[in-house]
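Got a model on the screen and a few minutes to spare? Let's go through it together.

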Amino acid sequence: MNNSHAVERVNCALMVAACAAAFVAPFHLFLAAYAILGPLHYLTQISWMHDRQYFAPRPAARRWWLVLVGAAMAVLLYGYVSNDLLQKPVKPTLEIAMVYLVFATAAFLLFVRHAVNAVALTVAVAAGLALFSNARAYALLAYFIVTIVHVLVFTAAFVLYGALKRRSGDALLSLGVFAACVASFFLVSAQPLLATSPRVREMYDFFAPLNEQLIALFGIGSGVYEATAVMRLIAFAYTYHYLNWFSKTSVIGWHRVPKPRAAAILVAWTAAVGLYAVDYTIGLSVLYVLSVLHVLLEFPLNHQTFAGIGSELRALVRT
């Protein structure tokens, strides 16, 4: 069995394990995965993307896009500090617009060759955002992009692209297992074995809006801590998103970094887990920038992946 086949079979096992754990204790699973696996994922993925020039081969365009990412992070951090830490609500219109701009310009970075065209398209996108900024879907879609779409849809896209590119039956099997796990949360009704204590609910409060929006989207008329299907979906998506990254170390090669950087990553990860252990809210506050930054920096890779899926499907049709 070659390495890619072994990795795909390991991934199938990890999906099943994450799915089973989500049935047993979805809230506990999510909180543990987010605090322990999350920071190491952010650090190693940002390091890996940096070595690959953020999948944007043109230096000048890449520099301007990274400046935009920095501006977006400044706006998002201001909103987070004002709303969540200082309890001084500010309208999130600009924050949402910056997420959309980074997402759209990541595509221009890859597929638009001439600077004038890229600028014109960016201005058009900004005008469109101003026009639709009062629509409910405007805020909701941006929120989903940086949360559930990032960990569920983009992860499924990576699995599908790998299966199409390698024409691998094992990769297709892993995609089927992934879909079966997601479907099981809505087809199998069972109460979690581990009860959700007041302390767990307090720790999860920051993430509750995601449950509320998904409950409304799916039409499940119950509260955050009663709609277990939604919580299982979230817990599975985040946990497997992290596990998928670490299980493909030998394929992706994110561990091949200079020793000083590896040591710095290890120290930063240990400190992050320590912060979560001392106080989960403090951990969230300190790691907020890193968690959002890795999502934004991944956008070019996401666009490249969907473009690759299209190319592979066209090649499949031709043959």
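What follows is a short round of questions and answers on this structure.

This is a predicted model, where local features need pLDDT of at least 70, side-chain atom pairs count only at pLDDT 80 or more, and totals for chains, interfaces and linings use all residues. Residues are numbered from 1 along each chain as its sequence is written, and side-chain values use heavy atoms, with hydrogens and water left out.

Q: Which helix gives the most residues to the largest nonpolar core?
A: A nonpolar core here is a set of buried Ala, Val, Leu, Ile, Met, Phe, Trp, Tyr and Cys residues joined through side-chain atoms within 4.5 Å. The largest one has 92 residues, and those touching the most other members are Phe-30, Tyr-34, Ile-148, Tyr-204, Ile-234 and Phe-236. Helices are DSSP runs (H or I, at least four residues), numbered from the N terminus. With 13 residues in the core, the top giver is helix α2 (residues 26–51).

Q: What does Tyr-204 touch, leaving out residues up to four places away in sequence?
A: Contact means heavy atoms within 4.5 Å. On that basis, the partners of Tyr-204 are Phe-27, Phe-30, Leu-31, Asn-211, Val-224, Tyr-225, Met-231 and Ile-234.

Q: Is Ser-47 buried or exposed?
A: Ser-47 sits in helix α2, and beyond its neighbours within four places in sequence it contacts Val-257, Arg-261 and Ile-265. The cut-offs are under 20% relative accessible area for buried and over 50% for exposed, with partly exposed in between (1.4 Å probe, protein chains only). Ser-47 has 7% relative accessibility, so it counts as buried.

Q: How are α6 and α10 oriented to each other?
A: Axes are lines fitted to C-alpha atoms, for helices over the stretch in contact, and angles run from 0 to 180 degrees between N-to-C directions. Helix α6 (residues 136–145) packs on helix α10 (residues 208–218) at about 120 degrees, with the axes 11 Å apart. Angles under 35 degrees count as roughly parallel, over 145 as roughly antiparallel, 65 to 115 as roughly perpendicular and the rest as oblique. So α6 and α10 are oblique.

Q: What is the phi of Tyr-54?
A: Most residues other than glycine have a negative phi. Tyr-54, in the loop between α2 and α3 (59–85), goes positive although it is not a glycine. Its phi is about 55 degrees.

Q: What relative accessibility does Phe-55 have?
A: Phe-55 is found in the loop between α2 and α3, and its phi is positive too, near 60 degrees. Phe-55 counts as buried because its relative accessibility is 16%.

Conventions. Helices (H or I, at least four residues) and strands (E, at least two) are DSSP runs, numbered from the N terminus.
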